[in-house]
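Work through the exercises below with the structure open. Each task is followed by a solution in steps.

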Amino acid sequence: MYNAFWDHLKEQLSSTPPDFTCILELIKNVKENRLKNEIEETLDMDLLRQETEHGALNVSHLSNYIVNLMALLCAPVRDEAVHKLENIKDPVQLLRSIFHVLGLMKMDMVNYTIKNLQPYLQENSVQYERAKFQELLDKQPNFLDCTTKWLNKAVIDLTTSFPSSDSPSSSSSIAYPSSDQEANNSEPPSLTMVLYQAYLNVLLWDHTNEEFPETLLMDRIRLQKLKSKLNHLTILASVLLVARSFSGSVLFSSPKFVDKLRCITKTLTEEFNSKPEEAMLNVSEQVSQEIYQGLKDMGLTALSNESKASLIGQLRNIAKKENCIRTIIEQRIHLFLKCCLVRGMRESLLDFPGGLPFIEGELAELGWKFVSLMHHNEHIFTPYYAEVLKNVISPVQLQETEAKPI
């Protein structure tokens with residue numbers, strides 16, 4: 001990392017026109033070192049200890065010096081907090097506030113350092129992981145067998161038409177290159193689209209039954225956690241969608257009521273994967289009771305016995321994988337995740353699929369984690385993916401791949 005910095009500085013100064021960004025950082029570092037010596041002289045602990053013994057310690061003077069120093073060193077976002085310190089007269093409160101702001105300034109410096117090191121750390125990580133993987137591949141030439149099957153399945157998915165009910169365009173207005181478009185196109189699918197389809201497939205797999213791609217083995221536990229979270233969000237959104245249809249717009253416009261149903265559903269579906277029927281039985285009973293009580297408290301028409309029975313029945317049916325509401329929610333979540341890969345997170349969040357407003361925040365968080373994980377994998381293993389798919393993707397796409405051949 002040390003050598004990489006100086007190499008980067010050399011590249012900056014050799015560019016046309018020269019880039020002096022790093023030079024300014026170095027000058028700033030020199031200035032801070034000079035400042036450090038000044039601080040050591042002013043806050044000489046031996047001298048301060050002698051002043052304390054003779055009752056001559058000037059706490060107000062020291063406090064003012066520290067506050068002025070903080071004003072010189074702090075980030076602009078802390079200017080207001082430091083300025084407020086100047087108006088505090090009580091010495092104990094002043095010292096307490098000084099240490100509070102110093103803690104914030106320390107975190108600012110940590111975040112600044114991480115931000116500046118991040119590009120070097122990412123590049124170093126990609127090179128290191130790729131080199132280690134190549135060592136494994138050299139020892140086991142067939143180490144990419146599962147990866148090859150995984151990628152070939154993604155190619156088949158992209159070149160085979162979806163059933164009409166499963167077509168992404170039927171469940172949202174979000175547009176991305178669909179399988180129908182790929183199939184009707186004479187050009188073979190691009191490497192990028194194959195990878196995005198493959199990444200989505202691996203997230204939706206039953207990880208206990210599938211042969212897992214070798215290039216994703218290090219991320220298997222993370223993907224399993226994302227898969228579990230995805231399942232819980234699907235159930236949560238399905239329950240809230242059914243509950244809203246029986247509650248009416250007035251009751252469901254209450255954030256407090258919706259949050260209560262959300263908490264109940266989350267708690268009662270923790271064991272959904274192992275006991276789906278039992279979990280949904282408990283959910284149906286509790287949610288129907290909350291809706292009944294909520295309508296009553298707001299002076300609205302209570303659920304009839306027939307409506308209550310229908311509500312309970314629809315909630316219990318969510319336990320079945322083929323449940324139509326659950327299927328629709330799954331399709332829209334999958335659509336959102338693929339759009340996150342293809343179009344990016346920010347644009348996808350601006351055009352959020354309908355039917356998912358109650359899980360928008362949690363789904364967005366999951367999307368960020370998934371996209372970040374998959375893009376990192378893409379950066380590391382693109383050379384291997386290109387080699388595996390060299391007879392499938394177009395030659396133009398292969399030439400555009402920046403990664404070096406294996």
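**Exercise 1.** In this predicted model, classify Arg 326 as buried or exposed, then describe its pairing with Glu 330.

Solution.
- Step 1. The relative accessibility of Arg 326 is 9%. Buried means under 20%, so Arg 326 counts as buried.
- Step 2. Glu 330 has a relative accessible area of 23% and is therefore partly exposed.
- Step 3. The two side chains form a salt bridge, with an N to O distance of 3.7 Å.
- Step 4. Both residues belong to helix H14 (residues 324-343), where they sit 4 residues apart, about one turn of the helix.

**Exercise 2.** Find how Asp 259 and Arg 262 are connected, and which network of salt bridges includes them.

Solution.
- Step 1. Their side chains meet in a salt bridge at 3.9 Å, N to O. The cut-off is 4 Å, so the pair at 3.9 Å counts.
- Step 2. In helix H11 (residues 255-268) the two are 3 residues apart, which means a separation of about one helical turn.
- Step 3. Asp 259 is partly exposed at 40% relative accessible area, whereas Arg 262 is buried at 16%.
- Step 4. A salt-bridge network links Asp 259 and Arg 262 with Lys 229, Lys 266 and Glu 362.

**Exercise 3.** State how many salt bridges the structure holds, and locate the partners of the one between Arg 78 and Asp 108.

Solution.
- Step 1. There are 16 salt bridges in the structure.
- Step 2. In the bridge between Arg 78 and Asp 108, the closest N and O atoms are 2.8 Å apart.
- Step 3. This pair links distant parts of the chain, 30 residues apart: Arg 78 is in the loop between helix H4 (59-73) and helix H5 (79-85), and Asp 108 is in helix H6 (residues 91-139).

How values were computed
Residues numbered from 1 in each chain as written. Predicted model: local features only at pLDDT ≥ 70, side-chain atom pairs only at ≥ 80, totals over all residues. Heavy atoms only, no water. Buried < 20%, exposed > 50% of the residue type's maximum accessible area, 1.4 Å probe, protein only.
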